[in-house]
Amino acid sequence: MPTPQPEADLALGAAAAMDEATRQRIEATAFRKLVAHLRDRTDVQNIDMMNLAGFCRNCLSRWYQEAAADAGTTLDTPAAREIVYGMDYKSWQAAHQKEASAEQKTAFTEAVAKHG
């Protein structure tokens, strides 16, 4: 597994004035909305997300898996991916993943160097 992604301190600005429980509920709701959005946008390919933002659904599922481990819960990769994809990963690939173009692959190589 790659090096764990560091957790951002979101208790800045307006969030700094919130009590911890409220801030965590808001963050959890925002996360669930992000996951729902990604489930709806099956037209957006992971390679495009990686090229533009430096992360994809697989990264998000890995971060979920890491957070589960930090909370003392064992969650294997297929289970974490199912949470993010809303279905078995292989089923999602078969239904929605397209072959990456040469341009996407070139951009991916450049993005990996940029995003690390």
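This report walks through the helices of a predicted model, two places where they pack, and the main pocket.

## The overall layout

Let's start with the big picture. The chain has six helices and zero strands, so the pattern you read along the sequence is simply α-α-α-α-α-α. Measured out along the principal axes, the C-alpha atoms take up a box of roughly 50 × 30 × 25 Å.

## Where α3 meets α4

Two packed helices are described by the angle between their axes and the distance between the axes. For helix α3 (residues 57–70) and helix α4 (residues 77–85), the angle is about 120° and the axes are 8 Å apart. That makes α3 oblique to α4, and their crossing is right-handed.

If you want to find this contact on screen, look on the α3 side for Arg57, Asn58, Leu60, Ser61, Tyr64 and Gln65. Their partners in α4 are Thr77, Ala80, Arg81, Ile83, Val84 and Tyr85. Sorted by class, the contact of α3 with α4 comes to six nonpolar, four polar and two charged residues.

## Where α2 meets α6

Next up is helix α2 (residues 46–53), which packs with helix α6 (residues 102–115) at an angle of about 45°, again with axes 8 Å apart. α2 therefore counts as oblique to α6. The crossing of α2 and α6 is left-handed.

On the α2 side, the contact uses Ile47, Asp48, Met50, Asn51, Leu52 and Ala53. From α6 come Gln104, Lys105, Ala107, Phe108, Ala111 and His115. Split by class, the contact of α2 with α6 has seven nonpolar, three polar and two charged residues.

## The largest pocket

Now for the empty space. Rolling a probe the size of a water molecule over the atoms shows where empty space is left. In this model, the largest pocket holds about 990 Å³ of space. It is lined by 23 residues, and those closest to its centre are Glu7, Glu27, Phe31, Trp63 and Ala67.

Which elements give two or more residues to the lining of the largest pocket? They are α1 (20–40) and α3. α1 gives the most, with eight residues. As for the chemistry of the lining, there are 14 nonpolar, two polar and seven charged residues. Helix α3 thus turns up twice in this report: it contributes to the lining of the largest pocket, and it packs with α4.

Technical notes:
Residues are numbered from 1 along each chain as its sequence is written. This is a predicted model: local features need pLDDT of at least 70, side-chain atom pairs count only at pLDDT 80 or more; totals for chains, interfaces and linings use all residues. Side-chain values use heavy atoms; hydrogens and water are left out. Axes are lines fitted to C-alpha atoms, for helices over the stretch in contact, and angles run from 0 to 180 degrees between N-to-C directions. Helices (H or I, at least four residues) and strands (E, at least two) are DSSP runs, numbered from the N terminus. Angles under 35 degrees count as roughly parallel, over 145 as roughly antiparallel, 65 to 115 as roughly perpendicular and the rest as oblique. A crossing is left-handed if the near helix is turned anticlockwise from the far one by less than a right angle, and right-handed if clockwise. Contact means heavy atoms within 4.5 Å. Ala, Val, Leu, Ile, Met, Phe, Trp, Tyr, Cys and Pro count as nonpolar, Asp, Glu, Lys and Arg as charged, and the others, Gly among them, as polar. On a 1 Å grid over the protein atoms alone, a cavity is a set of points where a 1.4 Å probe fits but cannot get out, and a pocket is an open set with protein on both sides within 12 Å along at least five of seven lines; lining residues have an atom within 4 Å of a point. Grid points are joined across faces, edges and corners, and a volume is the space filled by probe spheres set on the points.
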